[in-house]
Amino acid sequence: MTHAPRIAIVGAGPGGLTLACMLQQAGHSFTLFELDGHAQARPQGGTLDLDQEMGQLALQRAGLMAAFRRRARYEDQETRLFDKTGKLLFEDCGAPSDERPEIDRAQLRELLLEGLPEASIRWNHKLREVLPRADGKYDLVFDKGVCDGFDLVVGADGTWSRVRPLVSSYSPQYTGVTFIEFGIDDADRRHPALARVVGHGTMSVLGDGMGLFAQRNADAHLRVYATFRAPKEWASSTFDFSRPASVLAELKAQCSGWAPLWHALIDAGNDQLQARRIFALPVGHHWLHRPGITLLGDAAHVMSPYGGNGVNIAMFDAAELGRRLTEQADWSAAVQAYERDMFERARPYALFAAEGVAIALSPAYLKHEIDALERRRARRAEPSTPA
Ligand SMILES: Cc1cc2nc3c(=O)[nH]c(=O)nc-3n(C[C@H](O)[C@H](O)[C@H](O)COP(=O)(O)OP(=O)(O)OC[C@H]3O[C@@H](n4cnc5c(N)ncnc54)[C@H](O)[C@@H]3O)c2cc1C
């Protein structure tokens with residue numbers, strides 16, 4: 001199929017937007033559909049570290065590295081690990097590095113949107129289903145109506161993809177781990193002791209089968225995840241999210257006996273609390289190629305955040321699909337080749353993330369975590385190979 005395809009991208013997350021930037025740069029038209037009403041419609045979540053091999057390479061290919069450098073926080077590389085009594089178990093005061101600089105999700109979305117014409121994005125379009133037509137094209141059914149006649153539909157619509165059912169009957173499964181997320185505002189000024197303990201990077205506390213994980217975001221905002229191994233409906237039956245103060249009180253009750261510093265971290269939480277249950281697709285998830293439909297990022301291979309690579313893989317999927325669509329004359333063969341490589345590429349990351357979540361919060365996890373942190377520190381200390 002050598003004519004220029006009419007392309008629909010579903011989802012303006014990091015993956016869908018990276019693909020849009022790649023197509024835009026090469027002068028290919030597309031329409032991107034997103035359920036959010038506008039770019040800042042909801043809090044986008046915490047900070048992300050973009051690695052050189054995938055996330056930064058994708059931005060480079062999309063011509064966005066200079067814009068990324070202006071926003072990235074190269075200095076936020078510190079890591080600390082404590083036990084519940086407040087004893088420091090591991091510290092890496094990481095010097096500023098190009099390896100995995102941080103950027104807040106909202107800033108990443110803003111940066112990816114900068115180069116895209118407004119007319120190419122349809123905000124407030126929640127996809128309900130994709131309908132195959134007899135002529136091989138697809139119609140997209142939204143809450144608000146139908147957009148018809150696409151040659152290629154790219155599902156970049158995350159964990160609960162509405163495009164995925166056209167190629168796979170798998171649904172993500174609950175991993176057994178639930179995060180309760182909250183933020184701490186203006187930490188340097190209002191909570192200097194907590195800001196110091198989190199430092200310029202991330203801090204974890206592990207004990208009693210639960211954890212606290214805090215990360216510095218832009219503007220001295222701290223994002224904290226209280227992490228539990230718990231049944232699927234545990235969060236909704238244990239916490240009343242309409243009363244944020246009661247959720248913070250319950251979190252403190254869950255870690256009774258922990259050092260006062262960790263209770264102070266919870267006390268400082270703002271009222272933007274939410275439960276995030278962690279779901280994943282099976283390791284090695286793949287499908288038989290179906291002409292005109294493909295997936296990227298979490299829609300294709302959502303994995304637990306214990307690998308810490310989801311966004312990098314999503315952006316690199318997009319960069320690879322974009323490269324093939326713009327370089328290869330036969331767009332259908334380009335999609336098939338992209339899928340073959342993507343299945344292979346995602347598998348080891350999915351396995352690592354699955355192993356991480358399987359032992360998360362167990363006594364063995366502490367050693368696993370310290371070993372991983374030691375390896376990362378050692379890698380950074382290696383002299384870089386001259387070009
Ligand atoms: C708690 C938590 C912490 C994480 N931390 C990290 C981390 O530190 N580092 C890391 O690399 N990864 C992390 N991840 C994983 C990372 O967030 C994802 O891998 C990444 O966002 C995937 O990007 P994506 O573009 O594929 O999907 P998403 O980011 O999920 O984007 C999907 C987009 O599609 C839109 N959408 C969904 N459904 C529809 C629909 N029906 N119609 C239209 N639009 C739709 C959504 O609104 C969204 O904009 C974390 C995940 C979680 C849950």
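Where is the place of Asp 219? I began with this one, and I found Asp 219 in the loop between β14 (210–216) and β15 (222–229). A reminder to myself before going on: this is a predicted model.

**Entry: two backbone oddities**

I looked up Asp 219 for its backbone, since its phi is positive, about 60 degrees, although the residue is not a glycine. Most residues other than glycine have a negative phi. I then checked the surroundings of Asp 219, and at 74% relative accessibility this residue counts as exposed, because the cut-off for exposed is over 50%.

Asn 124 was next on my list. Asn 124 is not a glycine either, yet has a positive phi of about 60 degrees. I traced Asn 124 to the loop between β7 (121–122) and β8 (127–132). Is Asn 124 buried, partly exposed or exposed? I noted a relative accessible area of 38% for Asn 124, so this residue is partly exposed.

**Entry: the ligand**

Now to the ligand, where I started with the shell. I found 30 residues surrounding the ligand, and the closest are Gly 15, Glu 34, Arg 105, Leu 127 and Asp 298. By type, the shell divides into twelve nonpolar, nine polar and nine charged residues.

I went through some distances to oxygen atoms of the ligand. An N or O atom in the side chain of Glu 34 is 2.7 Å from a ligand oxygen. For Arg 109, I noted a polar side-chain atom 3.3 Å from an oxygen atom of the ligand. Gly 308 takes part through its backbone, with an N or O atom 3.4 Å from a ligand oxygen.

How much of the ligand's accessible area does the protein cover? I wrote down 84% of the 1,000 Å² that the ligand has on its own. Then I asked which elements give two or more residues to the shell, and the list reads α1 (14–25), α4 (105–114) and α11 (310–327). Helix α11 gives the largest share, three residues.

**Entry: Arg 323 in α11**

Staying with α11, I picked out Arg 323, which has its place in this helix. Arg 323 has a relative accessible area of 22%, so I logged this residue as partly exposed. Leaving aside neighbours within four places in sequence, I found Arg 323 in contact with Met 22 and Arg 61. I also checked Arg 323 against His 38: the two are 285 residues apart along the chain, and their C-alpha atoms are separated by 28 Å.

**Entry: the nonpolar cores**

The largest nonpolar core has 65 residues, and those with the most contacts inside it include Ile 9, Phe 68, Leu 108 and Leu 325. I followed Leu 108 further. Not counting neighbours within four places in sequence, Leu 108 is in contact with Pro 14, Leu 48, Leu 50, Ile 103, Val 311 and Met 315. Apart from this core I found another, of 33 residues, with Phe 82, Phe 182, Ala 226 and Leu 265 among them.

**Entry: Glu 78, a buried charge**

Last lookup of the day: Glu 78, in strand β4 (residues 78–83). Glu 78 has a relative accessible area of 17%, and the cut-off for buried is under 20%, so I logged Glu 78 as buried. What does the side chain of Glu 78 make a polar contact with? I found the side chain of Arg 80, at 3.0 Å. Beyond four places in sequence, Glu 78 touches Asp 92, Cys 93, Gly 94, Gly 199, His 200, Gly 201 and Thr 202.

Technical notes. Residues are numbered from 1 along each chain as its sequence is written. This is a predicted model: local features need pLDDT of at least 70, side-chain atom pairs count only at pLDDT 80 or more; totals for chains, interfaces and linings use all residues. Side-chain values use heavy atoms; hydrogens and water are left out. A nonpolar core is a set of buried Ala, Val, Leu, Ile, Met, Phe, Trp, Tyr and Cys residues joined through side-chain atoms within 4.5 Å. Buried means under 20% relative accessible area, exposed over 50%, partly exposed in between (1.4 Å probe, protein chains only). Contact means heavy atoms within 4.5 Å. A residue is near a molecule or strand if one of its heavy atoms lies within 4 Å of it. A polar contact is a pair of N or O atoms within 3.5 Å; within protein, one must be able to donate a hydrogen and the other to accept it, and residues adjacent in sequence count only if both atoms are side-chain atoms. Accessible areas come from the Shrake-Rupley method with a 1.4 Å probe; for residues, only the protein chains shown count as cover. Helices (H or I, at least four residues) and strands (E, at least two) are DSSP runs, numbered from the N terminus. Ala, Val, Leu, Ile, Met, Phe, Trp, Tyr, Cys and Pro count as nonpolar, Asp, Glu, Lys and Arg as charged, and the others, Gly among them, as polar.
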